[in-house]
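Visitor: I've got a model open and would like to talk it through. Can you put it up so we're looking at the same thing?
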Amino acid sequence: MQASYLKPIGAALSTGIVMMIAVMIHNLTLGTLGVLGAFAFLAFQDRSVYYNVKAISLHGLALLVAFLLGASTAYSPWLLPFVTASLSFGAFLITKLYRIPKPDYFFVLMVFATGYNFQKPLHEILTYHVWGLLLGVVVSVIVGVEISRLLKLPFSLWPYVPKRLTLKQRYQFMLTKDPTVLVKASHFSSILFVTSYIAYLLIDKGGYWVLISSAAVLSGEHLEHIKKRTIGRVLGTIVGIVIGLGIIQLHVSVTYLILLLVLFNFLTEYYMPRQYTIANFFTNPQVIILMALSNSFRHSVLTIRFLGVFIGSLLTLFIILILEYALQSMIDHKATIKEWVDD
């Protein structure tokens, strides 16, 4: 089977296995937490078994740390904009320094925002919620190994790996490849500062969706991609909410809900690199199904979800357009001055 299908299948399997375990132990809430940990599988690449074990494990560790950081920030909500900006700036640079492929830092920010939204006692998170996340990470590593074997990937690429670069060399290489990387990191962190402040103001109204949507749109990185992602996310959310609401109205059994969750997970990961708008048709039903499985679904959530996506996406696009215009104006002004001097 082609690699283009096996990776989405691996993501769906990670989610499905976690939920099956949750059903067997009669704890669906733990399963919904495990799905967050299962996002670790998305670090999978067609390189080697060793690479995938390492990448999935490190991605899982980053998700766990981000969740705990978000849960801790909830104790002092006013810190959210500052913590988010610092986390996004650092995550952006780390992914560029180590050339980490997509989805790079997005799920770290998403799980951070989710942890912030939990609003649970820290001792409960440490003794219960963390285990759900770890379950998802462990399952992802196992599935990653099996998918690597199906793809017949080598165990390691050590004979072909060049000499390790120092941190200074990585930094210089990063600037050589993209001299504007520090400007981009500053832009992104400043935008997320604004959107996370709005999330703080709307803390009791699902404001964390504003932050998640902002991070999702920004992961396009280039202006044209950001524009497409903004449109795709808003349209996809509208269609996805309709699909999710239709599923809830059918009152299907837990088994069918889990099967639909796995199917939508596969479709999301398959279409994400191909057609972002279509991928978003299936992300929202997953959120709604997970809420239904954990008995936290309310119809008011649909309105909150849509408003969060709408505000977060459009506000992010508006700010990035202003920043891009300001930067371009500065460049054009310098070019004009240079022409005057040369003349």
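Visitor: Let me start at Ala71. Is that one buried or exposed?

Guide: Buried: its relative accessible area is 2%, and the cut-off for buried is under 20%. Keep in mind that this is a predicted model.

Visitor: Which element is Ala71 in?

Guide: Ala71 belongs to helix H3.

Visitor: And what does Ala71 touch, apart from its neighbours within four places in sequence?

Guide: Gly115, Tyr116 and Ile125 are the contacts of Ala71 once those neighbours are set aside. Gly115 and Tyr116 are both among the buried residues of H5.

Visitor: How far is Ala71 from Ser148?

Guide: Their C-alpha atoms are 34 Å apart, with the two positions 77 residues apart along the chain.

Visitor: Back to H3. What about Ala62, buried or partly exposed?

Guide: Ala62 also sits in helix H3, but Ala62 is partly exposed, because its relative accessibility comes to 27%. In space, Ala62 is 9.2 Å from Tyr105, C-alpha to C-alpha, though 43 residues separate them in sequence.

Visitor: You brought up H5. Where does it run, and how long is it end to end?

Guide: H5 covers residues 106–118, so 13 residues, and spans 19 Å from first C-alpha to last, which is close to the 18 Å expected at 1.5 Å a residue.

Visitor: How many of the H5 residues are buried?

Guide: Eleven of the 13, so H5 is mostly covered, given that buried means under 20% relative accessible area. Among them are Phe106, Phe107, Val108, Leu109 and Met110. Val111, Phe112, Ala113 and Thr114 are on that list too.

Visitor: What's doing the covering?

Guide: The cover over the buried residues of H5 includes helix H2 (28–38), helix H3 (49–73) and helix H4 (80–97). Helix H8 (181–201) and helix H9 (208–218) are part of it as well.

Visitor: Anything about the backbone to check just after H5? What follows it?

Guide: Gln119 comes after H5, and its phi is positive, near 50 degrees.

Visitor: Which other residues have a positive phi without being glycine?

Guide: Arg99 is one of them, with a phi of about 50 degrees. Arg99 is in the loop between H4 and H5 and is partly exposed, at a relative accessible area of 46%. His251 is another, at about 55 degrees. His251 sits in the loop between H10 and helix H11, and with a relative accessible area of 67% His251 is exposed.

Visitor: OK, H11 then. What's its reach?

Guide: H11 has 18 residues and extends 26 Å from first C-alpha to last, close to the expected 26 Å at 1.5 Å a residue. Its buried residues include Leu257, Ile258, Leu261, Phe264 and Phe266. Asn265, Thr268 and Glu269 are buried in H11 too.

Visitor: On the other side of that loop, what's Thr237 like, buried or exposed?

Guide: Thr237, in helix H10 (residues 223–250), is buried, with 0% relative accessibility. Beyond its neighbours within four places in sequence, Thr237 is in contact with Asn280, Asn284, Phe306 and Val309.

Visitor: Switching again: where's Leu122, and what's it in contact with?

Guide: Leu122 is in helix H6 (residues 122–150). Skipping neighbours within four places in sequence, its contacts are Ser72 and Tyr75. Leu122 is partly exposed, at 30% relative accessible area. From Leu122 to Ile142 the C-alpha distance is 29 Å, for a separation of 20 residues along the chain.

Visitor: Zooming out, how many helices and strands are there?

Guide: 13 helices and zero strands.

Visitor: Why would the radius of gyration agree with a compact globule?

Guide: Because a compact globule of 343 residues would come out near 20 Å, and the chain has 21 Å. The C-alpha atoms fill a box of roughly 80 × 55 × 40 Å along the principal axes. As for burial, 48% of the 343 residues count as buried.

Visitor: What share of the contacts is long range, at 24 or more positions?

Guide: That share is 78%, taken over the contacts with a separation of 6 or more.

Visitor: Last one: what about the surface and the charges?

Guide: About 17400 Å² is exposed, with carbon and sulfur atoms supplying 70% of it. There are 25 positive and 14 negative side chains, and the centres of the two sets lie 10 Å apart.

Conventions. Residues numbered from 1 in each chain as written. Heavy atoms only, no water. Helix = DSSP H or I, 4+ residues; strand = E, 2+ residues; numbered from the N terminus. Rg over C-alpha atoms; globule rule 2.2 N^0.38 Å. Buried < 20%, exposed > 50% of the residue type's maximum accessible area, 1.4 Å probe, protein only. Contact = heavy atoms within 4.5 Å. Areas by Shrake-Rupley, 256 points an atom, 1.4 Å probe, with all protein chains shown as cover. Lys, Arg positive; Asp, Glu negative; His and termini not counted. Charge placed at Lys NZ, Arg CZ, Asp CG, Glu CD.
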